[in-house]
Amino acid sequence: FISNADLWALAANVAIKVMGGPDIPTRFGRTDAKSSAESVESQVGRLPDGDKGVDHLREIFVPKGFDDKAIVALSGAHTVGQCHVDFSGFDGPWTANKFTFDNTYFKNMLTKQYTAETTAKGCPQ
């Protein structure tokens, strides 16, 4: 028997490998919630707002046990995927190849020149 939670963890680890990332061993044994009552009450405040700074990141992640080093490592996940204007108000990929797991996001943060833009939803980007 494999739980849904374990299946999602396995899928994430396989996806990272397929996109060029490292092999991440999957540890099994997670249990699924039996009902929605065992789930989180709300998604509000679980992820940081994209238009706020480092203090906001700390407000969100320090209570979850993250220090600055862990917050930076977690931010590296932005090397894959993209923003979706319908969900966040921001739009577009984080890197030139949104399906490659590497350190391009980090390199871009150090080398690219920031140019202020505004999305269709009015968010600074």
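Among the contacts that join residues at least 6 apart in sequence, 35% link residues at least 24 apart along the chain. This value, like the others reported here, was computed from a predicted model. The chain contains five helices and two strands, and from the N terminus on these elements follow the order α-α-α-β-α-β-α. Taken along the principal axes, the C-alpha atoms fill a box of roughly 50 × 35 × 30 Å.

The accessible surface of the chain amounts to about 9700 Å², and carbon and sulfur atoms account for 59% of that surface. Of the 125 residues in the chain, 18% are buried. The chain carries 13 positive and 15 negative charges, and the mean positions of these two sets lie 5 Å apart.

Helix α2, which spans residues 54-61, shows how buried and exposed residues can be arranged around a helix axis. In this helix, His56, Ile60 and Phe61 are buried. When α2 is viewed down its axis, these buried residues fall within an arc of 120°, and they therefore line one face of the helix. Such an arrangement can be understood from the geometry of an α-helix, which has 3.6 residues a turn, so that residues three or four places apart point the same way. Asp55 and Glu59, by contrast, are exposed and are found on the other side of α2. The cover over the buried residues of α2 includes helix α3.

Two loop residues were also examined, and the first of these is threonine 79, which is found in the loop between α3 (68-75) and β1 (82-83). Because its relative accessibility is 1%, and buried means under 20%, threonine 79 counts as buried. When its neighbours within four places in sequence are left aside, threonine 79 is in contact with Thr95, Asn97, Lys98, Thr100, Phe101, Asp102, Asn103, Thr104 and Tyr105.

The second residue is glycine 89, located in the loop between α4 (85-88) and β2 (92-93). With a relative accessibility of 5%, glycine 89 likewise counts as buried. Not counting residues up to four places away in sequence, glycine 89 touches His84, Thr119, Lys121 and Cys123. Glycine 89 and threonine 118 are 29 residues apart along the chain, and their C-alpha atoms are separated by 9.7 Å.

Methods: Residues numbered from 1 in each chain as written. Predicted model: local features only at pLDDT ≥ 70, side-chain atom pairs only at ≥ 80, totals over all residues. Heavy atoms only, no water. Helix = DSSP H or I, 4+ residues; strand = E, 2+ residues; numbered from the N terminus. Buried < 20%, exposed > 50% of the residue type's maximum accessible area, 1.4 Å probe, protein only. Contact = heavy atoms within 4.5 Å. Areas by Shrake-Rupley, 256 points an atom, 1.4 Å probe, with all protein chains shown as cover. Lys, Arg positive; Asp, Glu negative; His and termini not counted. Charge placed at Lys NZ, Arg CZ, Asp CG, Glu CD. Arc of directions from axis to C-beta.
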